[in-house]
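These are my notebook entries on a single structure. I record what I looked up, one topic at a time.

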Amino acid sequence: MIGKKAIVILIYKGGDRPVVGNYRLVSLNLVVCKQMDHVIAGYLRQVWDMSGWLYEGQHGFRPAYSCESQVVMVFQDITDSLDRGVRTDVIIIDFSKAFDLVPLDRLLMKIAATRVDLRVDVWVQEFLLGRSQRE
């Protein structure tokens, strides 16, 4: 499959240059791969929206939802709880690197379980498995 190899470059964000956290990794892929990724992601969102598979509180990567709408929703929930005199605890978890830690076999199994078109399921498997990168 085209695009199985990506070139990774480091972009300096600022601060001390020797500190690894001051760099952002950017993966350079073929434009056709990025376009196909966009098409497949749109299809998956559409299927999952129509099937009610996505939780209504899920704001990331959905049209008409944003980080700002998520913050407003959480703030409204906290405010409503305080108005009712209900004790409110908040736990904040940073999932910014979570995708890098997701086991691919589990992700592919969950995608297949949502009953997407078999061709899309196969395409996602082919796209994700056997990838490599270099600097």
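**Entry 1. Gly57.** I began with the accessibility of Gly57: its relative accessibility is 7%, so I enter this residue as buried. The model is a predicted one, and I read each value below with that in mind. I then placed Gly57 in the chain and found it in the loop that runs between helix H1 (31-51) and helix H2 (67-83). Setting aside residues up to four places away in sequence, I found that Gly57 touches Gln70 and Met73. I also looked up its separation from Leu129: the two are 72 residues apart in sequence, and their C-alpha atoms are 30 Å apart in space.

**Entry 2. Ser81.** I located Ser81 in helix H2. Is Ser81 buried or exposed? Its relative accessible area is 12%, which is under the 20% limit, so I list Ser81 as buried. Apart from neighbours within four places in sequence, Ser81 is in contact with Val86 and Thr88.

**Entry 3. Helix H1.** I checked the length of H1 against expectation. With 21 residues at 1.5 Å a residue, H1 should span 30 Å, and the C-alpha atoms at its ends are 30 Å apart, so the two figures agree. Next I asked which residues of H1 are buried. I noted Cys33, Ile40, Leu44, Val47 and Trp48. These residues cover an arc of only 90° around the axis, and therefore they lie on the same side of H1. For the face turned away from that buried side, I listed the exposed residues Val31, Gln35, His38, Val39 and Met50. I then looked for what covers the buried residues of H1, and the cover includes helix H4 (104-113) and H5. After H1 comes Gly52, for which I recorded a positive phi, near 70°.

**Entry 4. Aromatic pairs.** How many aromatic pairs does a search of the whole structure find? The search returned three. One of them joins Trp48 and Trp53, with 4.9 Å from centre to centre and 40° between the planes, and I class this pair as tilted. The two partners differ in exposure class. Trp48 has a relative accessible area of 15% and is buried, whereas Trp53, at 46% relative accessibility, is partly exposed. For Trp123 and Phe127, I found ring centres 4.9 Å apart and planes at 10°; stacked pairs have planes under 30 degrees apart, so this pair is stacked. Trp123 and Phe127 both belong to helix H5 (residues 118-128), where they are four residues apart, about one turn of the helix. Trp123 is buried at 18% relative accessibility, and Phe127 is buried at 12%.

**Entry 5. A charge over a ring.** I looked up the placement of Arg17 relative to Tyr12. Arg17 lies over the face of Tyr12, 3.8 Å from the ring centre.

**Entry 6. Salt bridges.** I counted the salt bridges of the structure and found two. In one, the side chains of Asp89 and Arg87 meet at 3.4 Å, N to O. I noted both Asp89 and Arg87 as exposed. In the other, Asp117 is bridged to Arg119, and their closest N and O atoms are 2.8 Å apart. How exposed are Asp117 and Arg119? Asp117 has a relative accessibility of 25% and counts as partly exposed. Arg119 has 66%, so I enter it as exposed.

**Entry 7. Asn29.** My last look-up was Asn29, which I placed in the loop between strand S2 (23-28) and H1. Its relative accessibility is 27%; this lies between the limits of 20% and 50%, so I class Asn29 as partly exposed. I recorded its contacts beyond four places in sequence: Ala6, Lys34 and Arg131. I also compared positions with Val8. Asn29 and Val8 are 21 residues apart in sequence, and the distance between their C-alpha atoms is 8.9 Å.

Definitions and conventions: Residues are numbered from 1 along each chain as its sequence is written. This is a predicted model: local features need pLDDT of at least 70, side-chain atom pairs count only at pLDDT 80 or more; totals for chains, interfaces and linings use all residues. Side-chain values use heavy atoms; hydrogens and water are left out. Helices (H or I, at least four residues) and strands (E, at least two) are DSSP runs, numbered from the N terminus. Buried means under 20% relative accessible area, exposed over 50%, partly exposed in between (1.4 Å probe, protein chains only). Contact means heavy atoms within 4.5 Å. Rings of Phe, Tyr and Trp (its six-membered ring) pair if their centres lie within 6.5 Å; planes under 30 degrees apart count as stacked, over 60 as edge-to-face and the rest as tilted. A charge sits over a ring if NZ of Lys or CZ of Arg is within 6 Å of the ring centre and within 35 degrees of the ring normal. The expected span of a helix is 1.5 Å times one less than its number of residues. The arc is that of the directions from the helix axis to the C-beta atoms. A salt bridge is a side-chain nitrogen of Lys or Arg within 4 Å of a carboxyl oxygen of Asp or Glu.
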